Structures are given as C-alpha cells and as structure tokens.
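Have the sequence and the 3D view open side by side as you read. We'll take it slowly, one piece at a time.

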Amino acid sequence: MKHLFKFLVLAVLAAALWRCALAIPFGNPLAGTPLPPAMDEHYIAAARAETGASNVVTSIVFDYRGFDTLGEASVLFTAVLGVGLVLRKLNAKEKREARDAEE
Amino acid sequence: MRKSRIVGHIAAVFYPFCLVFGLYVVLHGHLTPGGGFQGGAVMATGAALMMVAGMFDEGEREIKYHHYKAIEAFGLLLFIGLAFAGILSGHGAFFRNIWANAGGWFGAPGESGSFNSGGLLPLMNLAVGVEVFGGISVILVTMIRAMKAAERGEDREDGDDEAEGAE
C-alpha cells in the first residue's frame, strides 16, 4: 500500500515535470536564439572564419561547446581521484616497502 | 612480474617516439583530426608501454609519480585559466576565443590552414593533452603499484597492514 502511494506520487510528479518541460518553447526565434538547424548551418558555414581553425570539430569542441569539454576533463580528473582513493592503501604499502628496500 | 630484456629495451627505444607522436597529434589538433584527448592518450601509451614491458622502475626514473600528478593538475588548471581568459579580458563570456583572428600568436586572420591559426584552440588542446597524459599515467602507475603490492602480499601470505607495522 505504501509502495503504491509512493509510486503514485512519483508518477504525478513525473507527469508534471514532463508537462512543464514541453510547455517551454525550445530555441525561441523571438528571443534571438536560432532554431537548431539554423545553428548547425551557422557552425558549418562560419566555424572556419570565426575561430580560424581548419578542423571544425576542434572549433566546436573547444570553442562553441567548451563547457562540455571542461566537463569531460573533470570526468577524467574525478576518475583519477577515484582510482587513487580506492587503491591508496595498497599504494602506501608499496611505497613503504620500496623505501624499506632502499635502506 | 617476469621481465624480458629484449622487450624492455625495445620499449625504451619506442618510449620517446610515443611521446613525440602524441605531442604532434596534440599540436596539430586545430588542423587535422585528433586533438587534446587523442594525443594525450597516445602520450600515455608510452608510459603504458614501459610498464607493460616491465620497465616500470626505469620509467619511474624518468618521470616520477608526483610529476604525473603535477602535470595533470597543471593541465586542468591551464584549461580552466584559458576558459576564464574570455571573462578576465573584458569580453564577458566564458570560453570566449579571444585570440581568434586577432593577429599575433595563433591569430593570423584568414590563414585557417596554417599552424599559426585558431586563436586559443591550440593552447586549449595542449592543456587538455597534458591533462589527459598526466591523468591516464597516474591511473596506470597507481594500478601497477597496487598490483605489485598485492603480489608481494600473496607471496608472504600475511597481507595485513597493521600486523606489518607492529613488527
């Protein structure tokens, strides 16, 4: 019974969220934001002239969508952090043994 | 881990070539396919090669663990710093390519095929390449060290950290 109630509340919230997300216009031309196809064509046509790079992929990844790349770099950093955290005990052991071997 | 002398020495010969080719891919990221992530991964392949060939200690002599950590942190900070250049220079946008077509270094207008183009993009590629190289190498060194420690622990069959400390 409790589970059913939880499920109902979740369903109502999800429906409300879905309805609100659909209600917001996407890529409103009145607000000055170009519609998605227009944006694509702008990138393909003007990327070379605007950024000066002949590799359009790089100009999108590092210029137009630089924030995305920052996220990707942070993902790698977090992965390194996680590996170091999980294996820190074994690492400390190896370091200590190497030091002992030197002495 | 058993070590083959031949494989080790061949790996030592190929190590600098891996680094140079990775740097080449990174530096030409704004002209040809490739870029920071790919070139950084190629450079990290060099470090991986040394470890796979059993030359871990020799590789460690050249670039140490804390160097890799410093390289990674430097790369990420450089990337974020270049992103903030757009705000700090008064253009008012994060990730604004302030040097594009502005003349000077990497800003030659209308020369999109030459190395001296792309504005901040080559520098961002370099930052990301350095970050990926450092990051993947840190992961590799950490895992190899953990593997070695685990192997030794199995040999002695005590494996308990606290008991060792008491000895």
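**Rings, chains and where they meet**

Let's start with the aromatic rings: counted over all chains, there are 8 aromatic pairs. Take F21(B) and Y24(B) as one of them: their ring centres sit 6.3 Å apart and their planes are at 20°, so this pair counts as stacked. Keep in mind as you look that this is a predicted model.

Where do F21(B) and Y24(B) lie? Both belong to helix 1 of chain B, which covers residues 5–27, and they are 3 residues apart, about one turn of the helix. How buried or exposed are they? F21(B) has a relative accessibility of 47%, so it counts as partly exposed, since that class runs between 20% and 50%. Y24(B), at 48%, is partly exposed too.

Now go along chain B to another ring pair, F84(B) and F94(B). This one is edge-to-face, with 5.0 Å from centre to centre and 65° between the planes. F84(B) lies in helix 4 (residues 65–88) of chain B, while F94(B) is in the loop between helix 4 and helix 5, so the pair ties together parts that are 10 residues apart in sequence. F84(B) is partly exposed at 39% relative accessibility, and F94(B) is partly exposed as well, at 30%.

These two rings also have company. Ring pairs link F62(A), F67(A), F79(B), F84(B), F94(B) and F95(B) into a cluster. Try picking out these residues in the 3D view: the cluster has members from chain A and from chain B.

Time to zoom out and look at each chain as a whole. Chain B has 6 helices and 0 strands, so if you follow chain B from the N terminus, the elements read α-α-α-α-α-α. Of the 167 residues in chain B, 45% are buried. Looking at contacts in chain B between residues at least 6 apart in sequence, 63% join residues at least 24 apart. Chain A has 5 helices and 0 strands, running α-α-α-α-α from the N terminus. Buried residues make up 23% of the 103 residues in chain A.

So how do the two chains meet? The size of an interface is often given as the accessible area lost when the parts come together. Here, chain A and chain B bury about 3,300 Å² between them, and 61% of that is on carbon and sulfur atoms. Which three residues supply more than any others of the area that chain A buries against chain B? They are F62(A), K93(A) and E94(A), which supply 19% of that area. You've met F62(A) already, as a member of the ring cluster.

The contact takes 32 residues from chain A and 44 residues from chain B. How many salt bridges and polar contacts are there between the chains? The salt bridge count is 0, whereas 7 residue pairs are in polar contact. On the chain A side, helix 2 (36–51), helix 3 (56–64), helix 4 (66–86) and helix 5 (88–102) each supply at least two of the residues that touch chain B. The largest share comes from helix 4 of chain A, with 11 residues. Sorted by class, the side of chain A that touches chain B has 12 nonpolar, 10 polar and 10 charged residues.

Let's pick one residue from helix 4 of chain A, namely L76(A). Leaving out residues up to four places away in sequence, L76(A) touches E131(B) and V132(B). Why does L76(A) count as buried? Its relative accessibility is 18%, and buried means under 20%.

Finally, cross over to chain B and find T142(B), in helix 5 (residues 121–156). T142(B) has just 1% relative accessibility, so T142(B) counts as buried. What does T142(B) contact, apart from neighbours within four places in sequence? On chain A there are V83(A), G84(A), L87(A) and N91(A), and on chain B there is Y65(B). The side chain of T142(B) also reaches the backbone oxygen of V138(B), at 2.5 Å.

Methods
Residues numbered from 1 in each chain as written. Chains lettered and ligands numbered in written order. Predicted model: local features only at pLDDT ≥ 70, side-chain atom pairs only at ≥ 80, totals over all residues. Heavy atoms only, no water. Helix = DSSP H or I, 4+ residues; strand = E, 2+ residues; numbered from the N terminus. Buried < 20%, exposed > 50% of the residue type's maximum accessible area, 1.4 Å probe, protein only. Polar contact = N/O pair within 3.5 Å; in protein donor to acceptor, adjacent residues only side chain to side chain. Contact = heavy atoms within 4.5 Å. Buried area = accessible area lost by both parts, 1.4 Å probe. Salt bridge = Lys/Arg side-chain N within 4 Å of Asp/Glu carboxyl O. Nonpolar A, V, L, I, M, F, W, Y, C, P; charged D, E, K, R; others polar. Phe/Tyr/Trp six-rings, centres within 6.5 Å; stacked < 30°, edge-to-face > 60°.
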